[in-house]
Amino acid sequence: MKNKMRRSAQRLSKEECISMLERNTAGVLALYDGDTPYAVPLSYVYKDNKIYFHSAKEGHKISAVRHCSQASFCVIDRDDIKPEQYTTYYRSVIAFGDVCIIEEKQKAKAAMQLLALKYNPDDNYEHRQKVITDADQAYKVLVLTISDMSGKEAIELIKHHNN
Ligand SMILES: Cc1cc2nc3c(=O)[nH]c(=O)nc-3n(C[C@H](O)[C@H](O)[C@H](O)COP(=O)(O)OP(=O)(O)OC[C@H]3O[C@@H](n4cnc5c(N)ncnc54)[C@H](O)[C@@H]3O)c2cc1C
């Protein structure tokens with residue numbers, strides 16, 4: 001991480017960061033296309049220090065990944081607005097790392113299995129394989145290898161845990 005968190009009491013552990021990545025279903029991948037920062041919402045799956053995404057074969061996101069491999073990915077775990085306090089009780093995680101397109105077919109397929117299992121765990125094996133195989137020519141799989149990760153929550157939530 002380039003910057004240390006100013007309020008370190010609000011910093012969450014690595015385990016809590018991983019839990020947030022595991023229990024949520026969407027985040028925002030921040031990329032740089034050489035001209036403009038591009039933050040794009042995506043579904044994802046986390047496994048073993050990597051975050052996998054599926055994508056159409058071309059588009060702004062793919063061009064940006066090709067231009068610059070550095071990326072960050074942010075997931076909002078909690079956002080409880082407290083109007084009377086003019087604040088939100090929040091919790092979120094940001095993962096930093098290198099993102100690339102998985103070119104090797106078997107690895108891309110394995111990542112698609114992880115995505116499919118996360119988003120449709122009740123599907124049967126045969127149907128899952130069929131969906132993945134049928135879509136074979138239509139997608140690319142991206143992987144973000146996490147080099148650093150930070151989690152943070154609102155001070156009010158920390159006070160709550162401590163009480
Ligand atoms: C909760 C959620 C989950 C999603 N999950 C996936 C996923 O797993 N895989 C996937 O490929 N896509 C997913 N999408 C759609 C994704 O956000 C992009 O729209 C899509 O991936 C196309 O991206 P692109 O850069 O190739 O689009 P392009 O068509 O190349 O984008 C062209 C322009 O369209 C605009 N644009 C693109 N996407 C969005 C957007 N979401 N909102 C507003 N403007 C946009 C931007 O200005 C962009 O420069 C998800 C969206 C949401 C909200």
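These exercises work through a predicted model of a protein with a ligand.

**Exercise 1. The overall layout**

Task: State how many helices and strands the protein has, and in which order they occur.

Solution. Start with the count: the secondary structure comes to five helices and eight strands. Next, read along the sequence; the pattern is β-α-β-β-β-β-α-β-β-α-α-β-α. For the dimensions, the C-alpha atoms fill a box of roughly 50 × 40 × 30 Å along the principal axes. Finally, look at the contacts between residues at least 6 apart in sequence: 71% of them join residues at least 24 apart.

**Exercise 2. Pairing of the strands**

Task: Trace how β6 is paired with β2 and β7, and then find what joins β7 to β8.

Solution. Begin with β2 and β6 (residues 70-82), which run antiparallel and are joined by three bridges. In this pairing, A30 stands opposite S72 of β6.

Move on to β6 and β7, an antiparallel pair with twelve bridges. Two positions help to place this pair in the structure: I81 is opposite T88 of β7, and F73 is opposite A95 of β7. The two strands form a hairpin with four residues between them. In the turn, Y86 has a positive phi of about 55°.

The last step is from β7 to β8, which also run antiparallel, with eleven bridges between them. Here V99 has L144 in β8 as its bridge partner.

**Exercise 3. The nonpolar core**

Task: Find which residues touch the most other members of the largest nonpolar core, and which element gives the largest share of this core.

Solution. Buried residues make up 23% of the 163 residues in the protein. In general, nonpolar side chains of soluble globular proteins tend to be buried together. In this model the largest nonpolar core has 28 residues, and L21, I51, Y52, V93, A95 and L144 touch the most other members. The largest share of the core, five residues, comes from β8.

Take I51 as a worked case. Leaving out residues up to four places away in sequence, I51 touches L21, Y44, Y46, F73, A95, L144 and I146. Two of these contacts, F73 and A95, were met in Exercise 2 as residues that stand opposite each other.

**Exercise 4. One side of a helix**

Task: Explain where the buried residues of α2 lie around its axis, and what covers them.

Solution. First list the buried residues of helix α2 (residues 60-67): K61, A64 and V65. They are on the same side of α2, because they cover an arc of only 100° around the axis. Then ask what lies over them: the cover includes β2 (27-32), β3 (37-42), β5 (50-56), β7 (87-101) and β8 (139-153).

**Exercise 5. Around the ligand**

Task: List the residues that surround the ligand, then sort the shell by element and by residue class.

Solution. The shell consists of A26, V40, P41, L42, S43, F53, H54, S55, A56, G59, H60 and K61. By element, β3, β5 and α2 give two or more residues to the shell. The largest share, four residues, comes from β5. By class, the shell divides into six nonpolar residues, five polar and one charged. K61 belongs to this shell, and K61 is also among the buried residues of α2.

Conventions
Residues numbered from 1 in each chain as written. Predicted model: local features only at pLDDT ≥ 70, side-chain atom pairs only at ≥ 80, totals over all residues. Buried ≥ 20, exposed ≤ 12 C-beta atoms within 10 Å, placed from the backbone. Arc of directions from axis to C-beta. Contact = placed C-beta atoms within 7 Å. Core = buried A, V, L, I, M, F, W, Y, C linked by C-beta atoms within 7 Å. Near = placed C-beta within 6 Å. Nonpolar A, V, L, I, M, F, W, Y, C, P; charged D, E, K, R; others polar. Pairing = 2+ DSSP bridges.
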